[in-house]
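Colleague: I have a few labels I would like justified. Can we go through them one by one?

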Amino acid sequence: MKNTLQTIQTLSKIGKILSKIVFVCSVVGFCLCIAGIVSFLLGGETFQLGGMTIHGIVEDQFHANIPTIYASLIVVMVLCAGEAVLSKFAEVYFKNELADGDPFTLRGAKELMRLGILTIAIPMGTMLVCSIGVSIADSFFPAIEKVTYDGYVSVGLGVMMIISSLFCRYGAEVKEEKADAGTK
């Protein structure tokens with residue numbers, strides 16, 4: 001039993017580290033998207049390499065027009081923001097689980113339930129915002145081509161977290177009952 005707890009704690013440490021990495025990558029991705037948008041706005045047409053403008057090079061390389069590139073950068077920016085928020089919640093969960101030293105606590109079960117709900121809700125919300133935003137932008141700039149952002153919602157992972165939180169809560173309740181029975 002002690003070996004299993006050590007394995008769970010090791011996995012929680014890994015989860016905490018991965019959550020931090022995802023958070024940092026999401027923030028960097030968000031910032032790079034802002035930098036890309038600003039650089040296109042400020043110097044895309046004026047700066048030239050080999051007789052071609054930056055806009056021309058990007059259009060040729062990505063086979064997309066400028067409005068589509070702007071829309072894609074904004075979509076990626078929103079997705080990065082959502083992922084940063086979600087990874088920060090995951091990091092908090094793992095940090096608290098490590099501090100408790102046991103996944104079978106009522107606080108841990110509640111946080112895992114919240115993380116599971118957020119794992120479903122945040123990606124769905126960002127997808128909805130992106131879909132609405134691209135639709136609105138398409139009405140103003142009909143040249144926008146299809147911007148793909150599918151495959152981002154992880155409902156299955158969220159459901160598994162919610163189910164796991166119920167197991168953790170049950171384990172915490174059983175632990176409390178045994179502790180109460182031992183004190184009587």
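**Pocket, patch and salt bridges**

Modeller: This is a predicted model. The lining of its largest pocket has eleven nonpolar, two polar and one charged residues.

Colleague: Which residues lie nearest the centre of that pocket, and which elements line it?

Modeller: Ser 12, Tyr 93, Phe 94, Leu 112 and Ser 164 lie nearest the centre, out of 14 lining residues. Helices α1, α3 and α5 each give two or more residues to the lining. The largest share, six residues, comes from α5. The space in the pocket is about 350 Å³.

Colleague: Why is Phe 167 called exposed?

Modeller: Its relative accessible area is 59%. The label needs over 50%, so Phe 167 is exposed. This residue sits in helix α5. It also belongs to a nonpolar surface patch with Met 124, Val 155, Val 159, Met 160 and Ile 163. Together they have about 550 Å² of accessible area. Five residues of the patch come from α5.

Colleague: What makes Glu 91 and Lys 88 a salt bridge?

Modeller: The closest N and O atoms are 3.2 Å apart. The limit is within 4 Å, so the pair counts as a salt bridge. Both residues lie in helix α3, three residues apart, about one turn of the helix.

Colleague: Why is Glu 91 called buried?

Modeller: Its relative accessibility is 11%. Buried means under 20%, so Glu 91 counts as buried. Its partner Lys 88 comes to 33%. That value falls between the two cut-offs, so Lys 88 is partly exposed.

Colleague: How do you know that Asp 102 and Lys 175 meet in a salt bridge?

Modeller: Their N to O distance is 2.4 Å. That is within 4 Å, so the pair passes. Asp 102 lies in the loop between α3 and α4, and Lys 175 in helix α5, so the bridge ties together parts that are 73 residues apart in sequence. Asp 102 is buried at 16%, whereas Lys 175 is partly exposed at 40%.

Colleague: What about Asp 100 and Arg 107?

Modeller: They form a salt bridge, with the closest N and O atoms 2.8 Å apart. Asp 100 is partly exposed at 32%. Arg 107 is partly exposed at 40%. By this rule the count comes to three salt bridges.

Colleague: Why is Arg 169 called partly exposed?

Modeller: Its relative accessible area is 39%. That is neither under 20% nor over 50%, so Arg 169 is partly exposed. This residue lies in helix α5. Arg 169 and Phe 104 are 65 residues apart in sequence, yet 6.3 Å apart in space, C-alpha to C-alpha.

Key. Residues numbered from 1 in each chain as written. Predicted model: local features only at pLDDT ≥ 70, side-chain atom pairs only at ≥ 80, totals over all residues. Heavy atoms only, no water. 1 Å grid on protein atoms, 1.4 Å probe; cavity = no way out; pocket = protein on both sides within 12 Å on 5 of 7 lines; lining within 4 Å. Points joined across faces, edges and corners; volume = space filled by probe spheres on them. Helix = DSSP H or I, 4+ residues; strand = E, 2+ residues; numbered from the N terminus. Nonpolar A, V, L, I, M, F, W, Y, C, P; charged D, E, K, R; others polar. Patch = residues over 30% accessible without salt bridge, like charges linked within 9 Å, V, L, I, M, F, W, Y side chains within 5 Å. Areas by Shrake-Rupley, 256 points an atom, 1.4 Å probe, with all protein chains shown as cover. Salt bridge = Lys/Arg side-chain N within 4 Å of Asp/Glu carboxyl O. Buried < 20%, exposed > 50% of the residue type's maximum accessible area, 1.4 Å probe, protein only.
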